[in-house]
Amino acid sequence: VRSYLGKSEEDLLTEEELEGVRNTVTRTVVDGYVPPEVTCMRRLGITADSEGHDDGSLEQRCLEFVIGWRRCFLESVRPKFLPKGWDVQRSIRKHDDLFGPGPPQT
């Protein structure tokens with residue numbers, strides 16, 4: 001912080017200087033910027049605008065991604081303990097976990 005403010009290591013910082021640094025805007029808007037997580041989801045075909053894929057529904061593609069991630073987790077981390085009921089194939093939908101597959105009844 002001292003270096004950012006152009007001060008030496010011996011200089012004391014005032015509350016106003018610290019507050020000014022705390023309030024510094026560190027992000028700027030960049031036209032056309034796409035966050036990496038969005039790029040990843042698009043390449044995996046698991047975004048709403050990926051619906052045109054011929055390899056199943058959006059929900060099915062999401063489930064396949066999650067199952068693959070869980071398998072990778074097990075192979076990489078090799079956990080000794082997992083929560084009760086943890087299952088690679090467990091549904092990604094809370095409704096399915098509680099009531100079985102299918103849309104909620106109205």
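This report describes charged and aromatic side chains in a predicted model.

**Salt bridges**

Side chains of opposite charge can pair when their charged atoms come close. A search of the whole structure finds two salt bridges. The table lists both partners and the separation of their closest N and O atoms.

| Pair | Closest N and O atoms |
|---|---|
| K7 and E17 | 2.9 Å |
| E19 and R22 | 2.9 Å |

K7 forms its salt bridge with E17. K7 belongs to the loop between α1 (2–5) and α2 (15–22), whereas E17 belongs to helix α2, so this pair ties together parts that are 10 residues apart in sequence. K7 counts as partly exposed, with a relative accessibility of 26%. E17 likewise counts as partly exposed, at 21%.

The salt bridge of E19 with R22 is set within one helix: both residues lie in helix α2, three residues apart, which is about one turn of the helix. E19 counts as partly exposed, with 35% relative accessibility, while R22 is exposed, with a relative accessible area of 53%.

**A buried arginine without a salt bridge**

R70 is found in helix α4 (residues 58–77). This residue is buried, yet it has no salt bridge. Why does R70 have no salt bridge? The nearest side chain of opposite charge, D87, is 6.8 Å away, and a salt bridge requires the nitrogen and the carboxyl oxygen to be within 4 Å, so the two do not qualify. Neighbours within four places in sequence left aside, R70 is in contact with W86, D87, V88, Q89, R90, S91 and I92. D87 is therefore a contact of R70 although the pair is not a salt bridge.

**The aromatic cluster**

The structure also holds two aromatic pairs. In one of them, the rings of W69 and F73 have centres 5.6 Å apart and planes at 10°, so the pair is stacked. W69 and F73 both lie in helix α4, four residues apart, about one turn of the helix. F73 counts as partly exposed, at 25% relative accessibility.

F73 also pairs with W86: their ring centres are 6.3 Å apart and their planes are at 45°, so this pair is tilted. The pair links distant parts of the chain, since F73 is in helix α4 and W86 is in the loop between α4 and α5 (94–99), 13 residues apart. W86 counts as partly exposed, with 29% relative accessibility. Together, W69, F73 and W86 form one aromatic cluster. W86 is also one of the residues in contact with R70.

Definitions and conventions: Residues are numbered from 1 along each chain as its sequence is written. This is a predicted model: local features need pLDDT of at least 70, side-chain atom pairs count only at pLDDT 80 or more; totals for chains, interfaces and linings use all residues. Side-chain values use heavy atoms; hydrogens and water are left out. Helices (H or I, at least four residues) and strands (E, at least two) are DSSP runs, numbered from the N terminus. Buried means under 20% relative accessible area, exposed over 50%, partly exposed in between (1.4 Å probe, protein chains only). Lys and Arg count as positive and Asp and Glu as negative; His and the chain ends are not counted. Contact means heavy atoms within 4.5 Å. Rings of Phe, Tyr and Trp (its six-membered ring) pair if their centres lie within 6.5 Å; planes under 30 degrees apart count as stacked, over 60 as edge-to-face and the rest as tilted.
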